[in-house]
2 protein chains.
Amino acid sequence: MTRYNHPTRILVALDCIIFGFDGEFLKLLLIKRNFEPEKGKWSLMGGFLNEEEDLEVAAARILYELTGLRDIYVEQLQTFGKVDRDPVERTVSVGFFALINIDDHDPEAVKAHNAYWISLNDIPELIFDHAKMVELARERLRYKAALHPLGFELMPEKFTIPQLQKLYEAIYGMTLDRRNFSRKLLSTGLLIDTGEKNENSATKKATLYKLNREKYQDKFHEFWNFMPDTFLI
Amino acid sequence: MTRYNHPTRILVALDCIIFGFDGEFLKLLLIKRNFEPEKGKWSLMGGFLNEEEDLEVAAARILYELTGLRDIYVEQLQTFGKVDRDPVERTVSVGFFALINIDDHDPEAVKAHNAYWISLNDIPELIFDHAKMVELARERLRYKAALHPLGFELMPEKFTIPQLQKLYEAIYGMTLDRRNFSRKLLSTGLLIDTGEKNENSATKKATLYKLNREKYQDKFHEFWNFMPDTFLI
DNA sequence: ATGAATTGTGTTTAGTTGACACAATATTAC
DNA sequence: GTAATATTGTGTCAACTAAACACAATTCAT
């Protein structure tokens, strides 16, 4: 096979910023490394791009390996290419941004990788430029969730409007008006009333909704407005 | 120096999608290749990432080489990593999205690279996956320009509101109401009246404005709304 | 002077947003 | 069993914003 002559071949890594929501806090799935390099320190889940592997396939592989999940919400975040970002060897890393329902992950796989769900408010020091990746992913989440119905990717199959509101309050670190939030959400037509109630509640049981997936697919790229206009990025 | 053992090192390329606006049409700066591979065909301006070079520095280098411009609007678009995207050799390419004032570029440099400004409505067949890059860049432009005051990056230093409107109409392929557009723009406080008029006009001379750069910097990341609500991505 | 093309500004109506009130439901304490 | 407490569901209203539309002003050609 013909090859390009002059340029340098470089390692291409992938790192995954995996978000979950436990009903109260936004969390990231982080790894306490029991392998080299930087053994004993915290990092994102990552891996290298193989010779015969599409980039997106590699991301799905790495996410599956840690969570046991396929077909979850993934998008490219950004590629990080500072010369000295990895002290071992020049490595360019493509960051991937994933949202999962925290109840769906495979605990065995997570345990096997020595991974833990860590609250976004409590992220430890991370290796390399992973803190920058996390910060960018957080901004991306705040950005997109204000415009697109992204939040549902973090919710269980059936959920209540108050639960959803708690998610948005966690994302933006602010309290929202219950009544306006409910009106806005219901007006999107994205929610289907399951007829069931949340039996876990100690007071009035909230209605359980599920996502209207057809409408979600169709209208995902439209601009919506899930946050008050007073909110600024 | 220690190196990682197992993974394959891969070529990392950069490709630049460079937008300009000539007052009527949105255009891309494309290259008619007088070099291998794919000599004689059209492509984006690109290059390879060097061993001792930051990714963003490489993008700025490639953009400078073609346009003679520094400090222009650049953002990462996406990284393209299909196995067979480059038939010569496995290459991952980071796409960069650039907006320039079409009057500012260095014609010598453009000529030296055998590059031409091609209307977005008239893009020729492009090598590799460059058509996909262009399509994604176009979507990104449509997305961001609806929310952020991105359009100014494509305008000359002094411009009129009708000129700006023509740009938005070119981006979205739709006509806009002159009066509502003007009101919306002026209400942002981003425009400074230079006191001058556009002397090129054969009829009533429009006011020349310049960008309030301080406010532009400050408020760029706020959500604005430069397109009617009836507009959908 | 008059007409044609273009620019600048104003008005109106419909719809949306944000602030806030009250009623209904479920559990616990008494 | 009734009251108190916490939570959920629905409604109202005033202020604001957007979209549609009208008219006056400017400039040049005739």
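Helices are DSSP runs of H or I with at least four residues, numbered from the N terminus. In this predicted model, helix α5 of chain B is followed by G189(B), whose phi is positive, near 75 degrees. The start of α5(B) has a feature of its own. There, a side-chain oxygen of D177(B) reaches to within 3.0 Å of the backbone nitrogen of R179(B).

**Two copies**

Chain A can be laid on chain B with an RMSD of 0.0 Å. The operation is a turn of 180 degrees, with a shift of 0.0 Å along the axis. The two copies are thus related as by a two-fold rotation axis. How do the copies meet? They meet through the same surface, because 100% of the interface residues of chain A are also interface residues in chain B.

**Around DNA strand D**

DNA strand D is surrounded by 18 residues. Among the closest are R178(A), R179(A) and T203(A) from chain A, with R179(B) and D229(B) from chain B. Of the atoms of DNA strand D that come within 4 Å of the protein, sugar and phosphate account for 49%.

Which classes make up the surface near DNA strand D? Ten residues are charged, four are polar and four are nonpolar. Helix α5 (178-187) of chain A supplies at least two residues of this surface, and so does α5 (178-187) of chain B. The most comes from α5(B), which gives four residues.

Side-chain N or O atoms approach DNA strand D at the distances below.

| Side chain | Part of DNA strand D | Distance |
|---|---|---|
| T203(A) | sugar or linking oxygen | 2.9 Å |
| R179(B) | base nitrogen | 2.6 Å |
| R183(B) | base nitrogen | 3.3 Å |

R179(B) thus appears in two settings. Its backbone nitrogen has a side-chain oxygen of D177(B) within 3.0 Å. Its side chain has an N or O atom 2.6 Å from a base nitrogen of DNA strand D.

**A sheet in chain B**

Strands of a sheet pair through backbone hydrogen bonds, either parallel or antiparallel. Which pairing occurs in the three-stranded sheet of chain B? The pairing is antiparallel, and the open sheet has the order β8-β10-β9. Its edge strands are β8 (158-159) and β9 (191-197), each of which pairs on one side only. Two bridges join β8(B) to β10 (residues 207-211) of chain B. In β10(B), K210(B) is the bridge partner of K158(B).

Methods. Residues numbered from 1 in each chain as written. Chains lettered and ligands numbered in written order. Predicted model: local features only at pLDDT ≥ 70, side-chain atom pairs only at ≥ 80, totals over all residues. Heavy atoms only, no water. Least-squares fit on C-alpha atoms with pLDDT ≥ 70 in both. Contact = heavy atoms within 4.5 Å. Near = heavy atom within 4 Å. Polar contact = N/O pair within 3.5 Å; in protein donor to acceptor, adjacent residues only side chain to side chain. Nonpolar A, V, L, I, M, F, W, Y, C, P; charged D, E, K, R; others polar. Pairing = 2+ DSSP bridges.
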